[in-house]
Amino acid sequence: MAPFLFARREPPAPGAGPVIEVTDLTVMYGDRPVLWDVDWEVPAGVLMAVVGPNGAGKTTLLRTILGLVRPVAGSIAVFGRPPAEARRWIAYVPQRTAVDWDFPATVLDVVLMGRYRHLGWVRRPGAQDRERALEALAQVGMVHLAHRQIGQLSVGQQQRVFVARALAQDAWLYLMDEPFAGVDATTEQALIEVLRGLKAAGRTVIVVHHDLQTVPLYFDWVTLLNVRCVAWGPVTAVFTADYLRQTYGERASILSG
Amino acid sequence: MLAPQVEIMLVAALAGAACALPGVFLFLRRMSLVGDAISHAILFGIVAAFLIVRDLRSPWLMIGAAGTGVLTAVAVDALRRTGRVKEDAALGLVFPALFSLGVVGIARGVGNIHLDLDAVLLGELAFAPFDRLIWGGWDLGPRGAWVMGGLLILNLILILTLYKEFMLSSFDPDLAAISGFPPAVLHNLLMGMTALTVVAAFDVVGVVLVVAMLVVPAATAALLTDRLAPMLGLSVLLGLLMALGGYGLAYALDLSIAGSMATVGGILFALAFLGAPAHGLIAQARQAARRRERLAQQMLVIHLLSHEGTEAEREENCIRTLPAHLRWDPAFAERVIDRAERAGWVVREGDLLRVTEAGRQAAQEILGANGGAPSHPPS
């Protein structure tokens with residue numbers, strides 16, 4: 001694992017209490033509840049999957065933790081602080097379709113965007129940032145495409161770029177929204193190796209995931225979400241037929257056989 | 001003092017360059033028509049300010065206009081946020097309302113004072129040299145040149161200093177927010193920059209040309225490059241070209257200056273649309289043709305291989321009968337065979353085509369990549 005460079009802002013020491021503490025969280029879109037009285041706690045250093053059916057509020061949960069969505073009730077503490085203060089320690093991988101891939105930028109341009117938070121206003125990325133960005137690209141096996149226009153990338157390569165951008169942010173908490181969506185098996189393996197590397201380096205990684213089969217393979221913790229938080233904990237304890245049925249309805253019984 | 005023609009060109013060129021900069025970001029945010037909306041809506045601000053101060057030369061007119069410009073952007077955004085209308089409809093609701101209020105204001109309140117609608121719509125570049133900046137008895141040249149030059153410099157400074165912030169918030173507003181660059185602040189800054197530029201430019205070149213200068217150079221530059229910094233540079237260059245070329249056209253054929261400039265912009269865009277190196281129609285047609293031919297070569301080799309050593313080989317792999325078997329036009333088949341021969345994939349043996357070792361390898365790769373097998377079973 002390459003060393004992480006924390007140029008200016010030292011994150012709080014990990015391990016001091018849970019990384020995320022959510023209590024009685026309710027989020028509405030209009031008058032429709034998307035998250036309904038969620039209590040949730042994420043300990044430091046886990047590699048956690050968030051699973052649940054479509055419309056379960058998985059993306060909303062991540063966006064609320066980032067402070068991009070305001071809850072109507074409940075509280076969130078990330079590293080013991082409100083989201084607006086804590087988000088400089090959080091890296092976010094949005095869904096691939098959240099941006100316009102025809103934007104005039106190269107792969108390196110996009111990964112460098114991960115460095116902007118360390119620069120503050122006006123200052124441009126320098127040689128050190130470029131080095132860190134290339135390092136992040138190397139971790140996802142994309143260095144050879146650094147100067148490729150992003151519109152020419154395959155889906156798998158786009159996901160790799162987004163993960164590299166998150167790596168370049170040098171965070172303590174990584175929130176990733178479906179980074180495996182639409183990728184081939186090789187990319188999925190490459191990305192899961194990166195996630196394991198983060199965990200090994202003491203980082204906390206939360207991944208919205210859609211493939212129930214691979215949950216026990218890839219993750220050590222799991223959250224089952226369907227507007228309400230059905231269960232969370234170590235995969236061995238909560239990834240059970242019973243909880244899956246509560247989350248997905250009867251369909252899930254086939255999967256967990 | 002410069003010749004009037006040169007002064008007109010200078011004013012128009014500065015306006016074109018100043019508009020081209022915010023135009024790029026409006027284009028990238030799919031907000032090109034916001035410029036259109038602002039440039040129409042500001043008429044309301046101008047008329048309202050005039051009705052209060054009763055002086056056509058008062059700076060309050062420009063301030064009123066700029067204020068209405070920002071108000072338009074804010075109102076459109078607020079309407080969109082309600083979730084009841086989409087952005088395009090919000091634009092369509094806000095600016096005609098303000099524009100028509102402005103028109104009504106001119107008709108009812110201004111009366112016989114000179115604030116004429118033609119000048120508002122098409123501008124009067126030809127009069128630019130008559131509106132001079134005089135300071136301490138010195139003639140400093142046309143006022144329009146100073147105003148547009150000042151705005152060009154202001155826009156340049158803003159975009160150069162906040163280049164990375166504008167780029168990030170245009171590409172991924174969420175990451176901008178997380179990284180400590182509030183997208184709303186940058187959005188309002190861009191809207192303010194656009195409103196000021198439009199207000200100043202509209203005074204010299206009119207509404208129609210302002211819209212053309214905001215949209216055309218940016219859209220054309222986007223066809224010519226895939227990177228943001230060159231796109232900004234090219235957009236400015238095209239803004240200059242549009243103004244100067246348009247003036248040349250108007251001068252040569254004795255046409256409306258603003259109309260000629262907008263026309264030249266259209267021509268520049270059409271040229272890029274057809275001839276741009278990667279995104280132009282011609283380049284894309286050529287790429288498609290190359291892909292088709294390459295695919296045809298691969299089909300040829302695979303066809304030859306699947307009949308190789310069979311009884312039908314003489315019939316199937318014969319140059320004369322091949323077009324009929326593959327349902328290819330004979331001329332196209334001839335060209336494909338030629339190319340495949342030059343690529344070293346096939347050789348001619350009289351009328352018979354044979355696949356070389358290189359061709360065999362190529363076919364293997366294609367079939368391997370597709371996980372397919374030859375369509376004919378070996379006999």
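Colleague: What makes the meeting of the side chains of Asp174(B) and Arg63(A) a salt bridge?

Modeller: A salt bridge is called when a side-chain nitrogen of Lys or Arg is within 4 Å of a carboxyl oxygen of Asp or Glu; in this predicted model the side chains of Arg63(A) and Asp174(B) meet at 2.5 Å, N to O, so the pair satisfies that rule. Across the interface of chain A and chain B the rule finds four salt bridges, and over all chains the structure holds 27.

Colleague: What do Asp129(A) and Arg115(A) tie together?

Modeller: Their side chains meet in a salt bridge at 3.1 Å, N to O. Because Asp129(A) lies in helix H5 (residues 127-139) of chain A and Arg115(A) in the loop between H3 and H4 of chain A, the pair ties together parts that are 14 residues apart in sequence.

Colleague: How do you know which residues of chain A and chain B are in contact, and how many are there?

Modeller: Contact means heavy atoms within 4.5 Å, and by that criterion 30 residues of chain A are in contact with 26 residues of chain B. The area buried between the two chains, which is the accessible area (1.4 Å probe) lost on putting them together, summed over both, is about 2,600 Å², with carbon and sulfur atoms giving 66% of it. In chain A, Phe103(A), Pro104(A) and Trp121(A) lose the most area to chain B, together 27% of what that side buries.

Colleague: Why are Phe269(B), Phe273(B), Leu274(B), Leu281(B) and Ile282(B) called a nonpolar patch?

Modeller: A nonpolar patch is made of Val, Leu, Ile, Met, Phe, Trp or Tyr residues with over 30% relative accessible area and no salt bridge, their side chains being joined within 5 Å; these five form such a patch on the surface, with about 420 Å² of accessible area together (Shrake-Rupley method, 1.4 Å probe, only the protein chains shown counting as cover). Helices, being DSSP runs of H or I with at least four residues and numbered from the N terminus, also describe the patch: H11 (257-275) and H12 (281-307) of chain B each supply at least two of its residues, and the largest share, three residues, comes from H11(B), where Leu274(B) lies.

Colleague: How are the residues and chains labelled, and which parts of the model count?

Modeller: Residues are numbered from 1 along each chain as its sequence is written, while chains are lettered from A and ligands numbered from 1 in the order in which they are written. Local features need pLDDT of at least 70 and side-chain atom pairs count only at pLDDT 80 or more, whereas totals for chains, interfaces and linings use all residues, and side-chain values use heavy atoms, with hydrogens and water left out.

Methods: Patches are made of residues with over 30% relative accessible area and no salt bridge: like charges are joined within 9 Å, nonpolar side chains (Val, Leu, Ile, Met, Phe, Trp, Tyr) within 5 Å.
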